[in-house]
Amino acid sequence: MAAPATDSIRQPQSVTSASGVSPEQSRVIWLLLVAAFVAILNETTMGVAIPALIEDLGITAVAAQWLTTAFMLTMAVIIPISGFLLRRFSTRQMFIAAMSLFSAGTLVAFLSVGFPMLLAARVIQASGTAIMMPLLMTTLMTVVPPHLRGRMMGRVSIVISLAPAIGPTVSGFIVDTIGWHWNFGLVLPIALVSLAIGAKWIRNISETEHNRIDVLSVILSAIGFGGVVFGLSQLGGHGEADAASEPSSPLLLIVALVGGAVALVLFGWRQLRLQRTDDALLDLRVFRVRNFSLAVAQLGVMSLAFFGTITLLPLYLQQGLGLNAAESGLVLLPGALAMGLAGPVIGRIYDRRGTKVLLVPGAVLVSAMLWAYALLATTTTPIWLIVVMQTLLSLGLALSFTPLITASLGSLQPRQYSYGSAIVNTLQQVAGAAGISILITTMASVMGASTETAAAAEAAGARGAFLVAAIISLPLLVGAFLVKKPADAPAELPLAH
């Protein structure tokens, strides 16, 4: 059954039947969704807990930020190689590895008695989280027929959008009531149950390939993606520290960014050479698919706006409007809920109508709300207006994430799904770090030049940051018309060398 869309392009034939998803496959997808949600939710809990950690562990703010930095770096190193791992090992093996690592890291974090132990725990956790999202997306694209992918990917959007949005709110409540250890203690049973059920239920859904891993590619990938994400995250301070925090060394930032960029160039060159024999760690031939490249570019800008905004807004609400952490979390909660709950509905619309009916209004909403923030974020802005603007911004992002991810991966051949998933998830890490860096650095620069009161300077800084984000969002208005919905079942296209 073909979707009645006018913006369709040719797509490889699905490896599953058009009759739907079997009960066993559906259980696997739901299990992966729960595991990914828990993993990403836990990823976002450290920011709010940092003040308590500084006091409890007797560490500096700079040291505490490494609990976030180490997590991001580990994700940036492992996600790019996940495409190879998902083709080399079975679905069951990868799930057990991912959840075992995440569960082990969560246990170590829960039992931590000092900073080194907690830092090691975060690295172990991140190793599992980095595998989970590419595994989820690759599994979904492999077992779900094309005409149902939108609604299924809509459920993934709940994981992508809702988990990081509500994570700080949940963490703040836990830290204030029962202590930071329970950020991990409450997650641990869920992780262990998911691991046990998955070990029993999950079976491999595609054939594995026994290709050798290119060690040089792994090293270049780690230095490249790790260096860029580290440099960007340090430049932006993760958005958690205030202007009085100890700044990062300029030389360290330059070395990280320049070294990372050079390593990425060498990594790309190495992959182009290895592609000739199908030995690439990350197959870059997916970028030859125009629709994939357009969708990924659009997704990158959306991710930049999303992660930058959810980091910047709490700072503005607390320091510009005088709210406490719990109140600022509640202000952001309606938008987070709207964004997550709208995912499945948006997915069904995508299946029936295609991309433009979603991407065009989504881009308009995102850009319009960023411009509204740039004009209206003052020390006297009504809270109800912030709630309305943030909810509309969240809906615009929701209208974009599901069709962009589904259309990008759906444009590829089945054997390229794992590489496409790795690229999409790597992009979100890099774009997220860039968004935080750009917006927080702009905010700090405007605040530093201001002669107004602290609250007024904070609001001015927020307006300046949102202005930059609004300008960056303008290409979204064009890109929304270019991304197409792949057709449901055309003939498979050959993989060009």
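The following paragraphs lead through the chain from its overall make-up to three helix contacts and three individual residues.

The structure is a predicted model. Its chain contains 18 helices and two strands. Of its 497 residues, 57% are classed as buried. Among contacts with a sequence separation of 6 or more, 86% join residues that lie 24 or more positions apart.

Confidence should be considered before any detail is read. The mean pLDDT of the chain is 81, and 88% of the residues reach a score of at least 70. Between the elements, the lowest mean pLDDT, 45, belongs to strand β1 (residues 8-9), while the highest, 93, belongs to helix α14 (residues 356-376). Residues 1-19 form a stretch in which pLDDT stays under 50, and the model nevertheless gives this stretch 64 contacts beyond four places in sequence. A further stretch with pLDDT under 50 covers residues 238-247, for which there are 16 contacts beyond four places in sequence.

The helix contacts may begin at helix α1 (residues 23-43). The axes of α1 and α4 come within 12 Å of each other and cross at roughly 30°. The crossing in which α1 passes α4 is left-handed. On the α1 side, the contact is formed by L31, L32, A35, V38, A39 and N42, which meet F95, M99 and F102 of α4. By class, this contact of α1 with α4 comprises eight nonpolar residues, one polar residue and no charged residues.

Helix α1 also holds L41. This leucine has a relative accessibility of 17% and therefore counts as buried, the limit being under 20%. Once neighbours within four places in sequence are set aside, L41 is in contact with A163, I166 and G167. The C-alpha atoms of L41 and V170 are 9.1 Å apart in space, although 129 residues separate the two in sequence.

Helix α4 (residues 91-110) has a contact with helix α8 (residues 188-201) as well, and here the axes come within 9 Å and cross at roughly 160°. The two helices α4 and α8 are therefore roughly antiparallel to each other. Their crossing is left-handed. From α4, the residues R92, F95, I96, M99, S100, F102, S103, T106 and L107 take part, and they meet L188, A191, L192, S194, L195, G198 and A199 of α8. Sorted by class, the contact of α4 with α8 has ten nonpolar, five polar and one charged residues. F95, M99 and F102 of α4 are thus named in the contact with α1 and again in the contact with α8.

Further along the chain, helix α13 (residues 343-353) meets helix α15 (residues 383-410). Their axes come within 9 Å and cross at roughly 50°. This places α13 and α15 oblique to each other, because the angle falls in neither the parallel, the antiparallel nor the perpendicular range. The crossing of α13 past α15 is right-handed. The participants are G343, I346, G347 and Y350 from α13, together with A398, L399, T402, P403, T406 and A407 from α15. In the contact of α13 with α15, six residues are nonpolar, four are polar and none is charged.

Helix α15 also contains L409. With a relative accessible area of 0%, L409 is buried. Apart from residues up to four places away in sequence, L409 touches M137, M141, M153, F292, Y417, G420, S421 and V424. One of these partners, S421, is twelve residues from L409 in sequence, with a C-alpha to C-alpha distance of 7.1 Å.

The last residue to be considered is A460, which is found in helix α17 (residues 454-473). A460 has 11% relative accessibility and so counts as buried. Beyond residues up to four places away in sequence, A460 touches V446 and E452. A relation across a longer stretch of sequence joins A460 to A377: the two are 83 residues apart along the chain, and their C-alpha atoms are separated by 7.7 Å.

How values were computed. Residues numbered from 1 in each chain as written. Predicted model: local features only at pLDDT ≥ 70, side-chain atom pairs only at ≥ 80, totals over all residues. Heavy atoms only, no water. pLDDT = per-residue confidence, 0-100. Helix = DSSP H or I, 4+ residues; strand = E, 2+ residues; numbered from the N terminus. Contact = heavy atoms within 4.5 Å. Axes fitted to C-alpha atoms, helices over the stretch in contact; angles between N-to-C directions. Parallel < 35°, antiparallel > 145°, perpendicular 65-115°, else oblique. Left-handed = near helix turned anticlockwise from the far one by under 90°. Nonpolar A, V, L, I, M, F, W, Y, C, P; charged D, E, K, R; others polar. Buried < 20%, exposed > 50% of the residue type's maximum accessible area, 1.4 Å probe, protein only.
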